[in-house]
Amino acid sequence: MDIVLDPNWQSPYAPTSEEREGHSSALKHYLWVWRRPRLIVAGVVALALIAAAFAYWWFALIALVVLGVAAVDTQVSLSRALNSEGAMATRLLEHFSPATNPAARLRVSTLVERLGATFGVDGVSSFVIEDPVYNAALVPNGNGLSLFVTDAMVRDCDLIELEGVLGHLFARTRVGVLERQVASAILDLSDERRQSLAGEGVLYRCDEVGAAQIRYPLGLAAALRRCASQDASSAYFSSEKYRAERAVWFDAHSDRANNNLSDLDDTTLRAMALEEW
């Protein structure tokens, strides 16, 4: 029997344009919902002014001004959230001090150059930051990306573990979730709304894509195990700032005392899933 190749077959670990568009649409929808209360208030005020315009015609002009200000304010807020440029990178630079070991930065930069081509990622600025917690983040910065890796992670993780971490972070660009994660970190939202905006299960999905691309899931699993077993009690990773910005980090739950295997993005569960490949 002849083997027939299906030209429409696609690996389940390869991100699709529909998947990326889904994340983009979810972000835009959420942002409109976030601004909706202000739009409703502006609409109610405008209607009241229009009703009063039967007595004083210039109330109608005020109504138009209210609607115009509300529309412009909404558009500016949405544009700022969707195109945050270097806002998140600037925040992270303010939170940390740069590590003084040039060998650590060279190690990270070398891995970035090697894996960047694999994932189609270019224009990455690498920063090794001082912190005793194992973690890393990738955020947009103008036309490029900024990578932040703690010096503890660079020092203690071996090559395949660091490759796994970078593979996961670069996979976020392929899946199309970076913008959602950054918006959840920079907007003034409750913890529940932040989690909803960032997307549930996206870290698990990026593990799949990243591990499939580097073809060694155990390296990423080992890095996750290392993160899950650490005492993440540093000034930043025990702070409210981290709790607000957790979505941009490789280990988004480093402050979690016990694992939660009902959460797809739990660090221990992510490691277990990769170990079963």
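The exercises below, each with a worked solution, concern a predicted model of a protein chain.

**Exercise 1. Overall make-up**

Determine how many helices and strands the protein chain has, and what share of its residues count as buried.

*Solution.* Begin with the secondary structure, where the protein chain shows twelve helices and three strands. Next take accessibility: of the 277 residues in the protein chain, 47% count as buried. Finally, turn to the contacts with a separation of 6 or more, of which 68% are accounted for by residues 24 or more positions apart.

**Exercise 2. The nonpolar cores**

Find the residues with the most contacts inside the largest nonpolar core, and state which helix gives the largest share of this core.

*Solution.* The largest nonpolar core has 43 residues, and within it the most contacts belong to V124, L138, L147, M153, F170 and F250. Helix α6, which spans residues 159-175, contributes the largest share of this core, namely seven residues. A second, separate core has 25 residues, with M88, V182, A183 and A185 included in it.

To see the surroundings of one central member, take L138 and leave aside residues up to four places away in sequence: L138 then touches V124, L145, S146, L147, L169, F170, T173, L178 and V248.

**Exercise 3. The largest pocket**

Describe the lining of the largest pocket by position, by helix and by residue class.

*Solution.* The volume of the largest pocket is about 400 Å³. Its lining comprises 20 residues, and those closest to the centre of the pocket are D191, Q195, R246, A252 and H253. Sorting the lining by helix, one finds that α7 (178-186), α8 (191-198), α9 (202-214) and α11 (240-245) each supply at least two residues, while the largest share, five residues, comes from α8. Sorting the lining by class instead gives nine charged, six nonpolar and five polar residues.

**Exercise 4. The cysteines**

Establish how many disulfides a search of the whole structure finds, and decide whether C157 and C206 count as buried or exposed.

*Solution.* The search of the whole structure returns zero disulfides. For C157, the nearest cysteine sulfur is that of C227, at 6.6 Å; because a disulfide requires cysteine sulfur atoms within 2.5 Å, C157 is in no disulfide. For the second part, the cut-off for buried is under 20% relative accessible area. C157 has 3% relative accessibility and therefore counts as buried, and C206, at 0% relative accessibility, counts as buried by the corresponding argument.

Key. Residues are numbered from 1 along each chain as its sequence is written. This is a predicted model: local features need pLDDT of at least 70, side-chain atom pairs count only at pLDDT 80 or more; totals for chains, interfaces and linings use all residues. Side-chain values use heavy atoms; hydrogens and water are left out. On a 1 Å grid over the protein atoms alone, a cavity is a set of points where a 1.4 Å probe fits but cannot get out, and a pocket is an open set with protein on both sides within 12 Å along at least five of seven lines; lining residues have an atom within 4 Å of a point. Grid points are joined across faces, edges and corners, and a volume is the space filled by probe spheres set on the points. Helices (H or I, at least four residues) and strands (E, at least two) are DSSP runs, numbered from the N terminus. Ala, Val, Leu, Ile, Met, Phe, Trp, Tyr, Cys and Pro count as nonpolar, Asp, Glu, Lys and Arg as charged, and the others, Gly among them, as polar. A nonpolar core is a set of buried Ala, Val, Leu, Ile, Met, Phe, Trp, Tyr and Cys residues joined through side-chain atoms within 4.5 Å. Buried means under 20% relative accessible area, exposed over 50%, partly exposed in between (1.4 Å probe, protein chains only). Contact means heavy atoms within 4.5 Å.
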